[in-house]
Each structure stands twice: as C-alpha cells, then as structure tokens.
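Please open the model in your viewer and keep the selection tool at hand. The tour goes from stop to stop, telling you what to select and what is there.

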Amino acid sequence: MGDVVLFWLVLCAFLVADNFVLLPEDADYLRFDRQGFFTYEPKARLEVKGRDLVILNPLNLFDRIMVTSHSYGDLIPAQYRAARKALRSEIHRLNVFAMLGSVYLAIVVLLAVACARIAFEWVFLALILTHVLFCILSATLLFRWRNCLCLSRYQALVLTAEALFVPAYCINLGKRLRYKRVTSLAALPLGLRQAGRMKDLAKREVYVYYLKERIAHIESGLNFQLYDGSQLCSLDGLVERRKSEHVKQPE
C-alpha cells in the first residue's frame, strides 16, 4: 500500500512542480482568461535568484499566463495589438487543450480514489490507457494546429515527447503552450492602463496601492526612476477622482 501511495504522490508532485513557473530575468507576465483578455497582477511575487516565480493553480487548467520579455518600458501600440491579436487567434485552441487537461486530471483523481476498492494493477492499466489516449489526442491537435500556435515541427515534437513521458506535462499542456514562449511586450504599462479602467472604487484603490508597491520594488533594483512624481500622483488621482464622482452621485 505504501508503494501505491508513493506512486500517486510522485505523480502529484510532478503536476504541482510544473505549475511553478520561473520567469526569465527581467521578464514579467500577464494572466489571460478564456476570452483572451489580459490582466496584470502587481502583487508581491516570490523571487529565486532575482527571477520572479509564478505559482499557478494545479487544479485549474485555465489558470494561465503569458510571459512578457520585460516589465517596464513604453507601451508600444503595435506590439500590444500584435500580442492581443496573436492570443485571440490562439485562445480557442488553448481552451481545448485546457479542457482536455481538465478531463484527464478528473480521471486521474477518480483512479486514485478507486485504488481503495480496486487492485492497483487494474487501476495502473486504466491510467496507461488513459494516458495513451490523451497523448494521441494532444499530439494530433498539436501537429494540426502548430501553425496557428506558432510552433515548428521540432517544437511540436518536443512537446509531444514531454507529454508522452510525463503525464503531468500532458495534463498541463494548455498552460505550457503559452508560458514556454516569451512575448515581446512591457507588462507594467498595461497595469497602469488597467488601473485607469477599473470602475469598482475599492478594487481600484487596492490595485493602485499594489501597483505603486510593484513600481517601487522594480525601481529599487535600478539606478533610475520608472515614473516621475507627477505620474505617481496621477495614480492617486485615479482613486481620488473616482471617490469624488462617487460622492457626487445623487441618492
């Protein structure tokens, strides 16, 4: 029984570990939803040797990020539009991989629970057959959609091989397809833009606070200021202006 428990623990450990994403140096990230809309998270992050460590939810295959080449800098409209267009063109296919991963994960959980009543040999056989089936489905879709996903034949082959030998990678393929690539874009300016568009006063106030903390943290490792005092004051102005609008609303 101890070996059976160890087997499932190892399988679980691989899945959890694959949701720890160590970003390249100076890189940042944007989360995106099922429709392909970006959101920037300014909250404090874990760091490993000066690189941000992002922890995704291993039980939510739709908890995904897009890695950006840098955090600060000018928001170049052409780059932003290109990144948004690329993600929107891929989002349907990424959602399909996320759904496949969710079904695979649900089956794995059911098989783990079934070990209490069924001999492990039968459960293991069912797991192997399930894994082969989902690998075939994933590989077929990868090679069919590789041009839309901006993958070369070699990259599709590597992803297929990884998914074949590591079940957790097959489950997590919908996330890996995005966080393994780096998009040329500055993420922090999108946070400033996001702050200006938030309608909920309480959420905006909290978001602006974390955004200023994020800016201060980045500046602490640089020899210059990212934004001058007037720009930082404008962040506070977003909150104060919203408060005054809220007060002026008729009862």
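The stops below cover charged pairs, aromatic rings, a surface patch and two backbone angles, and throughout you should keep in mind that this is a predicted model.

**Stop 1: a charged network**

Begin by selecting Asp52, which you will find in strand β5, and which counts as buried because its relative accessibility is 8%, below the cut-off of 20%. The side chain of Asp52 makes one polar contact of 3.1 Å with the side chain of Arg45, and another polar contact, of 3.3 Å, joins the side chains of Asp52 and Arg214. If you leave aside the neighbours within four places in sequence, the residues in contact with Asp52 include Val21, Leu22, Leu23 and Ala27.

Now add Asp28 to the selection, since Asp28 forms a salt bridge with Arg45 in which the closest N and O atoms are 2.9 Å apart. Asp28 lies in strand β2 and Arg45 in the loop between β3 and β4, so this pair ties together parts that are 17 residues apart in sequence. Both Asp28 and Arg45 are buried. Which residues do salt bridges with shared partners join into one network? They are Asp28, Arg45, Asp52 and Arg214.

**Stop 2: two further salt bridges**

Ten salt bridges are found in a search of the whole structure, and two more of them deserve a look. Select Arg31 and Glu41, whose closest N and O atoms are 2.7 Å apart in a salt bridge. This pair links strand β2, where Arg31 lies, with the loop between β3 and β4, where Glu41 lies, and the two residues are ten apart. Arg31 counts as buried because its relative accessibility is 15%, whereas Glu41, at 29%, is partly exposed.

Next select Arg178 and Glu90, whose side chains meet in a salt bridge of 3.2 Å from N to O. Arg178 belongs to helix α6 and Glu90 to helix α2, and they are 88 residues apart. Are these two partners buried or exposed? Arg178 counts as buried at 2% relative accessibility, and Glu90 counts as buried at 0%.

**Stop 3: aromatic rings**

Eight aromatic pairs are counted in this model. One of them is formed by Phe7 and Phe124, which meet edge-to-face, with 5.8 Å from centre to centre and 75° between the planes. Phe7 lies in helix α1 and Phe124 in helix α3, so the pair ties together parts that are 117 residues apart in sequence. Phe120 and Phe124 form a tilted pair, at 5.9 Å from centre to centre and with 35° between the planes; both lie in helix α3, four residues apart, which is about one turn of the helix. Add Trp8 to your selection, and you have the cluster that ring pairs make of Phe7, Trp8, Phe120 and Phe124.

**Stop 4: the surface and two loops**

Select Val16, Phe20, Leu46 and Ile55, which make a nonpolar surface patch of about 330 Å². Val16 lies in helix α1 and counts as partly exposed because its relative accessibility is 31%.

For the last selections, remember that most residues other than glycine have a negative phi. Lys49, in the loop between β4 and β5, has a positive phi near 55°, and this residue counts as exposed at 84% relative accessibility. Cys150, found in the loop between α3 and α4, also has a positive phi, of about 60°.

Conventions: Residues numbered from 1 in each chain as written. Predicted model: local features only at pLDDT ≥ 70, side-chain atom pairs only at ≥ 80, totals over all residues. Heavy atoms only, no water. Patch = residues over 30% accessible without salt bridge, like charges linked within 9 Å, V, L, I, M, F, W, Y side chains within 5 Å. Areas by Shrake-Rupley, 256 points an atom, 1.4 Å probe, with all protein chains shown as cover. Salt bridge = Lys/Arg side-chain N within 4 Å of Asp/Glu carboxyl O. Buried < 20%, exposed > 50% of the residue type's maximum accessible area, 1.4 Å probe, protein only. Polar contact = N/O pair within 3.5 Å; in protein donor to acceptor, adjacent residues only side chain to side chain. Contact = heavy atoms within 4.5 Å. Phe/Tyr/Trp six-rings, centres within 6.5 Å; stacked < 30°, edge-to-face > 60°.
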